[in-house]
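Thanks for sending this one over. Here are a few notes to read alongside the structure.

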Amino acid sequence: MTLTAAIKIAQSSLFNVSQQTQLASRNITDAGNEDYVRRQAHVSTAPYGARTYSIGRAEQPALFKSSLAALSDSAGQGVIGDAASRLQTAVNGVDNQNSASVKIGALRDALQIYSADASNPILGSSAIDAARDLARSISSASQGIQSYRAEIDRDIAAGVDDLRSLLDQFETANSLVVQGTQLRTDVNDALDQRDALLKQMSEYVSISVVQRDNNDFVLYAGQGITLFETVPRNISFDPQTAYSPTTTGNPLRIDGVPLTVGQGANTSASGKLSALMQARDSVAVQQQSQLDEIARGLVETFAETDQTGGGAPAQAGLFTYAGGPGIPPAGTLVPGMAASLTVSAAFDPEQGGDPTLLRDGGANGAAYVANTTGGAAYSDNLLALVQGLDTPRAIDATAGIAGDRSVSGYADASIGWVENLRSTANMASQSKKALHDKLSGDYLAKTGVSIDEEMTKLIALEQSYEASARIMSVVDRLFDTLFAAVR
């Protein structure tokens, strides 16, 4: 080996050491950044030793895509679990103390006590108080559900705004990647930024990535809807200003195509937006429908019927609603009935009514009087009402609970329905989160920075530097000797 070759090899080594030292230092600096992918030098053989020809990222494309999908699933499932918990509290209160089931039980107890001393007007007023408390609880729960649906609409609108902003940022990052790839410049920082944006967007919608020439990305959301291709596609959503039980939420459209709404407690929704729409249009609506069925059951149970045999239609009695005084068809859901459920003014002493009508009947006229003898101790009607609370009746299965049930049994089943929804959703949420945590951890283990490894590299690079420096020193002395010899 000539002295010239030796010095060129040493120079090449020092250059590589300098580049790789900078690379290790950069890795250590960003060791705590989860969006940073470890940089690594690509080295090839050159005429005078090794040469660093590029700096790349420790990419794991398949694992990254799997972690994005798991993130979307986990985010969507978390929304359903939260929705079930929110509805359980809004409708039934803490420990179910405000539930229709508990309030029906209190009314049943008040009626039984009144039936044992039917001549006591104070007991009659107590029964009306229990009925009023029940009606207010149901109507208040209905209002709570609709307020929650309006809140969901605001969350969807905020999510859409965030997604639009992220897509705008993604367009910038993707352009930098494409241009840098074409010009063969360093695009690693832009790639990190683009991946970080994909993570953030995956919380809102499920994202599929297709890579084209020059590292260009095309993004598809949900069921194959184009989300981004060179430029972001339009995302449209018009939130409702207010919700009632009969209000239908507006769809969310990406590139003109409605985003699919999730289904089930272990939801099919992938991403928050699909899950929020499920919570608004399915979970909350079913809970509202169950309240409506409870309200219909109460109106039917306490309805007054013609006692004369004249065939007059049954009319709302103790409980009435906006569509009263007629009784809705058996087994048929009346949307929004719970929101307008009240105690009839004819019975309510706070509205000038007479509580003894609960004992005697006749709020709808003489033909509906049950206590035809006018006996002060008459209790048959009260006992029939108590029995009616536990008598099975036709139920509309579209509310999510099938089978004929009494109004009290249905109220109990409604508590079970939301509790089962909450439990199933939370278990699924834990499972999906665990999968995401596992995949995310695996991805970070393969692409993240280990300070110990980088420090080991720095020690090795230091030794390589010292060896190259010694070569330079030896060559320098040999040149000095050679020049001295020829003088």
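1. Please keep in mind that this is a predicted model. One thing to look at early on is how the fold holds together along the sequence: taking contacts between residues at least 6 apart in sequence, 67% join residues at least 24 apart.

2. On the make-up of the fold, the protein chain has 10 helices and 11 strands. Its radius of gyration comes to 37 Å, whereas the globule rule gives 23 Å for 487 residues, so the chain is more spread out than a compact globule. The box filled by its C-alpha atoms, taken along the principal axes, tells you how that looks in three directions: roughly 145 × 40 × 35 Å.

3. How much of the chain is covered? Of its 487 residues, 45% count as buried. The area that the protein chain exposes is about 22500 Å², and carbon and sulfur atoms supply 51% of that.

4. A word on charge, in case you are thinking about the surface. The chain carries 36 positive and 53 negative charges, and the mean positions of the two sets lie 11 Å apart.

5. Helix H5 is a nice place to zoom in. Spanning residues 188–202, it reaches 21 Å from its first C-alpha to its last, close to the 21 Å expected for its 15 residues.

6. Is H5 mostly covered or mostly uncovered? It is mostly covered, with 11 of its 15 residues buried. Charged side chains are represented in that set by Asp192, Arg194 and Asp195, and the buried residues also include Leu191, Leu197, Leu198 and Met201.

Note on methods. Residues are numbered from 1 along each chain as its sequence is written. This is a predicted model: local features need pLDDT of at least 70, side-chain atom pairs count only at pLDDT 80 or more; totals for chains, interfaces and linings use all residues. Side-chain values use heavy atoms; hydrogens and water are left out. Helices (H or I, at least four residues) and strands (E, at least two) are DSSP runs, numbered from the N terminus. The radius of gyration is taken over C-alpha atoms; the globule rule is 2.2 Å times the number of residues to the power 0.38. Buried means under 20% relative accessible area, exposed over 50%, partly exposed in between (1.4 Å probe, protein chains only). Contact means heavy atoms within 4.5 Å. Accessible areas come from the Shrake-Rupley method with a 1.4 Å probe; for residues, only the protein chains shown count as cover. Lys and Arg count as positive and Asp and Glu as negative; His and the chain ends are not counted. The place of a charge is taken as NZ of Lys, CZ of Arg, CG of Asp or CD of Glu. The expected span of a helix is 1.5 Å times one less than its number of residues.
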